[in-house]
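Hi,

Here is the structure I said I would pass on. Have a look at it first, and then read my notes below.

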Amino acid sequence: MNEAEQIEQLLTQVEKTNLQDLMNQSLNEKDPLKKQVLHALYTYALDKKQDQLLKNKKFVI
């Protein structure tokens, strides 16, 4: 498995992760660099879920 496949697999796994769990991990992390990574993963997963919601034809603003 090459690096691109590993990253894609990681992002797919992040998309399936509970958003509240990601946020809790981010908020409770002591290491500032890990905290930034966890927050970025949370933001990515949130963005993906919002994209799915907006694509739903029944969704109305």
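Let me start with one residue in the middle of things: Ser 26 is in helix α2. Is Ser 26 buried or exposed? Its relative accessibility is 3%, so Ser 26 counts as buried. Leaving aside residues up to four places away in sequence, Ser 26 touches Lys 35, Leu 38 and His 39. Before you go further, do keep in mind that this is a predicted model.

Those contacts lead on to helix α3, which covers residues 32-55. With 24 residues at 1.5 Å a residue, helix α3 should span 34 Å, and its end C-alpha atoms are 35 Å apart, so the two figures agree. Which residues of α3 are buried? They are Leu 38, Leu 41, Tyr 42 and Ala 45. Leu 38 is thus one of the buried residues of α3 and also one of the residues that Ser 26 touches. As for what they pack against, the buried residues of α3 meet both α1 (3-16) and α2 (19-28).

Now for the overall picture. The protein chain has three helices and zero strands, and along the sequence the pattern reads α-α-α. The radius of gyration of the chain is 14 Å, while the globule rule gives 10 Å for 61 residues; 14 Å is well over that, so the chain is more spread out than a compact globule. Along its principal axes, the C-alpha trace spans about 40 × 30 × 15 Å. Of the 61 residues, 15% count as buried.

On the surface side, the chain exposes about 5300 Å², with carbon and sulfur atoms supplying 55% of that. If you are thinking about charge, there are 9 positive and 9 negative side chains, and the centres of the two sets lie 9 Å apart.

Two other residues you may want to click on:

- Asp 21 sits in helix α2. At 41% relative accessibility it counts as partly exposed, because buried means under 20% and exposed means over 50%. Asp 21 and Gln 50 are 29 residues apart in sequence, and their C-alpha atoms are 17 Å apart in space.
- Gln 13 belongs to helix α1. Its relative accessible area is 53%, so Gln 13 is exposed. Gln 13 and Met 23 are ten residues apart along the chain, with 15 Å between their C-alpha atoms.

So within helix α2 you can look at a buried residue, Ser 26, and a partly exposed one, Asp 21.

Cheers

How values were computed
Residues are numbered from 1 along each chain as its sequence is written. This is a predicted model: local features need pLDDT of at least 70, side-chain atom pairs count only at pLDDT 80 or more; totals for chains, interfaces and linings use all residues. Side-chain values use heavy atoms; hydrogens and water are left out. Helices (H or I, at least four residues) and strands (E, at least two) are DSSP runs, numbered from the N terminus. The radius of gyration is taken over C-alpha atoms; the globule rule is 2.2 Å times the number of residues to the power 0.38. Buried means under 20% relative accessible area, exposed over 50%, partly exposed in between (1.4 Å probe, protein chains only). Accessible areas come from the Shrake-Rupley method with a 1.4 Å probe; for residues, only the protein chains shown count as cover. Lys and Arg count as positive and Asp and Glu as negative; His and the chain ends are not counted. The place of a charge is taken as NZ of Lys, CZ of Arg, CG of Asp or CD of Glu. The expected span of a helix is 1.5 Å times one less than its number of residues. Contact means heavy atoms within 4.5 Å.
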